[in-house]
Amino acid sequence: MKILITAGPTREPIDPVRYLTNRSSGKMGYSLAAAAAKRGHEVLLISGPTSLDLPERVDYLPVESAAEMYQAVESQIGRHDIAIFAAAVADYTPAQVADQKIKKSGEQLTLTLEKTKDILGSARTVMKFEGTLVGFAAETEHVEENARGKCLRKNCDVVIANDVSRKDIGFDSQENEVMLVFPDRTENLPKESKEHLAYHLMEMIENLRPS
Ligand code: CTP
């Protein structure tokens with residue numbers, strides 16, 4: 001099958017030397033891409049900047065900002081059977097990007113941010129994607145409830161949710177423990193390395209039929 005995976009953080013430019021970003025390492029998305037390629041799938045990885053090595057036999061489309069990631073996904077998603085959105089996309093971006101480096105002046109500096117476009121949320125509605133759609137949810141509270149809301153709102157077949165308030169899993173960790181939130185049921189997976197988890201997740205995703 002043909003699988004599109006988004007991964008990593010995005011970088012939202014403020015001026016020529018500064019940007020807003022987040023703590024995503026990209027590890028979960030890259031592990032999924034590696035697992036999918038090992039399982040014989042054709043994989044396109046659309047990724048924000050990370051320090052990870054590119055997995056073998058994976059096509060790679062590097063992007064920086066949320067807007068660039070949106071465009072890349074929009075132009076590629078139509079030829080895929082499965083789309084997995086593991087990227088930590090910025091929800092807000094500076095409303096204006098300064099042409100020149102912003103100089104230090106007053107005691108405070110206010111940045112005005114505006115909403116980015118929701119890539120996953122546009123997959124079915126705007127991009128008319130009909131394949132299997134998988135989202136991620138990084139939550140600090142009410143994990144299942146928030147993830148189900150995302151699953152239904154963004155028309156996903158499943159949302160892979162994790163509790164990022166826990167120190168032993170998630171962002172900077174080698175391990176992860178996730179909850180699979182389907183539109184009508186929930187399944188808890190045991191804690192394991194991101195590599196093993198990715199393999200098990202790919203097995204589950206391959207067998208899902210798009211709603
Ligand atoms: N996502 C995306 N494009 C965005 C924001 C998020 O594709 N601009 C995707 C992520 O890759 C992930 C899921 O949506 O698969 C996470 O959604 P999230 O941002 O947590 O959901 P929101 O509905 O924005 O909810 P929240 O209020 O928690 O931010």
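**Exercise 1. Work out how the shell around the ligand divides into nonpolar, polar and charged residues, and which residues are closest.**

Solution. Start with the classes: the shell around the ligand holds 7 nonpolar, 2 polar and 6 charged residues. The model is a predicted one. Next, take the count: 15 residues surround the ligand. Then pick out the closest, which are F85, A87, L120, F136 and K150. Last, assign classes to these names. Phe, Ala and Leu count as nonpolar, and Lys counts as charged.

**Exercise 2. Find the polar atoms of F85, F136 and K150 that lie beside oxygen atoms of the ligand, and say whether each is backbone or side-chain.**

Solution. The cut-off for a polar contact is a pair of N or O atoms within 3.5 Å.
- Step 1: F85 places a backbone N or O atom 2.7 Å from a ligand oxygen.
- Step 2: F136 also uses a backbone N or O atom, at 2.9 Å from an oxygen atom of the ligand.
- Step 3: K150 uses its side chain, with a polar atom 2.6 Å from a ligand oxygen.
- Step 4: turn to cover. On its own the ligand has 590 Å² of accessible area, and the protein covers 76% of that.

**Exercise 3. Name the elements that each supply at least two residues of the shell around the ligand, and locate the ligand among the pockets.**

Solution. Three elements meet the condition: helix 3 (119–123), strand 9 (132–139) and helix 4 (143–153). As for location, the ligand sits in the largest pocket.

**Exercise 4. Describe the largest pocket: its space, its lining and the elements behind that lining.**

Solution. Begin with space: the largest pocket holds about 960 Å³. Its lining has 36 residues, and A87, A88, V89, F136 and A138 are the closest to the centre. Now list the elements that give two or more residues: helix 1 (27–38), helix 3, strand 9, helix 4 and strand 10 (158–163). Strand 9 provides the largest share, 4 residues. Finally, sort the lining by class: 16 nonpolar, 11 polar and 9 charged.

**Exercise 5. Do the analysis again for the second largest pocket, and decide which element gives the most to its lining.**

Solution. The volume of this second largest pocket is about 220 Å³. Its lining includes K27, Y30, S31, A34, A35 and K38. Also in the lining are L52, D53, P55, E195, A198 and Y199. Helix 1 and helix 5 (194–206) each supply at least two of the lining residues. Helix 1 gives the most, with 6 residues. By class, the lining of the second largest pocket has 7 nonpolar, 1 polar and 4 charged residues.

Conventions. Residues numbered from 1 in each chain as written. Predicted model: local features only at pLDDT ≥ 70, side-chain atom pairs only at ≥ 80, totals over all residues. Heavy atoms only, no water. Near = heavy atom within 4 Å. Polar contact = N/O pair within 3.5 Å; in protein donor to acceptor, adjacent residues only side chain to side chain. Areas by Shrake-Rupley, 256 points an atom, 1.4 Å probe, with all protein chains shown as cover. 1 Å grid on protein atoms, 1.4 Å probe; cavity = no way out; pocket = protein on both sides within 12 Å on 5 of 7 lines; lining within 4 Å. Sits in = over half its atoms within 2 Å of the grid points. Points joined across faces, edges and corners; volume = space filled by probe spheres on them.
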